[in-house]
Amino acid sequence: MWYLMTIDTVGRFERALESLEVGVERVPAVDATERIAAVLEAPAVGVPLPFDGASQPESVTTRPTAGDLEAARTGVTPATFGIAEYGTVAIESRAVGDEPISLYPDHHVAVVAASDVVPDLGAGFDRLEDCFADRKSIVFATGRSATADMGDLVHGVHGPGTVSVIVLEDR
């Protein structure tokens, strides 16, 4: 029964992402490296992925300097969880650089486990309790960067103009 609820929740997550013009695909963890490599544009920076069977492609610099981050076209980070209702990914702000890697490059690739996609904001807040107890910070990212401060809607001004999400199948 849990597995069927996860499939429906992940399906809602995928539909929400598509409505935000975010590229999304579901892959087995063992194929994650190949799929990440296929969607990134070099040079790329990232942080190690905490998912069994998944790792960054060799072309991704996982210990970037400030210069690497500035030059990067793509940033690849794990998402702590996703919120199906809005197509939101929660990016933990860790010392290894998840937050700047997700915000500075033109293209952000978020990787999330299907089992870490929750149905709604309330379930997301439940996940935050542990983070806050451990004094961790989380950034919610919904779609690509957009602003209409000066008139027409413009994408990519204050963050990535392109976002892709790779959902790792757990089973």
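Here is a short exchange about two sheets and two helices in this predicted model.

Me: What makes β2 and β4 paired strands?
Reply: Pairing asks for at least two bridges, and three bridges join β2 (residues 44-46) to β4 (residues 74-78), which run parallel. The pair therefore meets the cut-off. One place to look is Gly46, which stands opposite Val76 in β4.

Me: Which sheet do these strands belong to, and why are β1 and β3 called its edges?
Reply: They sit in an open sheet of six strands with parallel pairing, in the order β1-β12-β7-β4-β2-β3. β1 (23-28) and β3 (60-61) each have a single partner strand, so one side of each has no neighbour in the sheet.

Me: What lies across that sheet, and at what angle to β1?
Reply: Helix α2 (residues 32-39) does, lying across β1, β4, β7 (107-113) and β12 (162-169). Its angle to β1 is about 160°.

Me: What about the four-strand sheet: what is its order, and where are its edges?
Reply: This open sheet runs β8-β5-β6-β9, with mixed pairing. β8 and β9 are the edges, because each has a single partner strand and one side left without a neighbour in the sheet.

Me: How do you know that β5 and β6 pair?
Reply: Again the cut-off is at least two bridges, and β5 and β6 (residues 88-93) share three in the antiparallel sense, so they count as paired. Within β6, Val89 is the bridge partner of Gly82.

Me: How do you know that the length of α5 suits a helix?
Reply: Helix α5 (residues 121-133) has 13 residues, which at 1.5 Å a residue should span 18 Å; the end C-alpha atoms are 19 Å apart, so the two agree. The helix still bends, by about 25° at Arg127.

Me: Why are Ala123, Gly124, Leu128 and Cys131 called buried?
Reply: Buried means under 20% relative accessible area, and these are the residues of α5 in that class. They pack against β5 (81-83), β8 (117-118) and β9 (137-142). The helix as a whole lies across β5, β8 and β9, at about 155° to β5.

Me: What makes the link between Asp120 and Gly122 a polar contact?
Reply: The limit for such a pair of N or O atoms is 3.5 Å. At the start of α5, a side-chain oxygen of Asp120 comes to within 3.3 Å of the backbone nitrogen of Gly122, so the distance fits.

Me: And what comes just after α5?
Reply: There you will find Arg135, with a positive phi of about 60°.

Note on methods. Residues are numbered from 1 along each chain as its sequence is written. This is a predicted model: local features need pLDDT of at least 70, side-chain atom pairs count only at pLDDT 80 or more; totals for chains, interfaces and linings use all residues. Side-chain values use heavy atoms; hydrogens and water are left out. Helices (H or I, at least four residues) and strands (E, at least two) are DSSP runs, numbered from the N terminus. Contact means heavy atoms within 4.5 Å. Axes are lines fitted to C-alpha atoms, for helices over the stretch in contact, and angles run from 0 to 180 degrees between N-to-C directions. The expected span of a helix is 1.5 Å times one less than its number of residues. The bend at a residue is the angle between axes fitted to the seven residues ending there and the seven starting there. Buried means under 20% relative accessible area, exposed over 50%, partly exposed in between (1.4 Å probe, protein chains only). A polar contact is a pair of N or O atoms within 3.5 Å; within protein, one must be able to donate a hydrogen and the other to accept it, and residues adjacent in sequence count only if both atoms are side-chain atoms.
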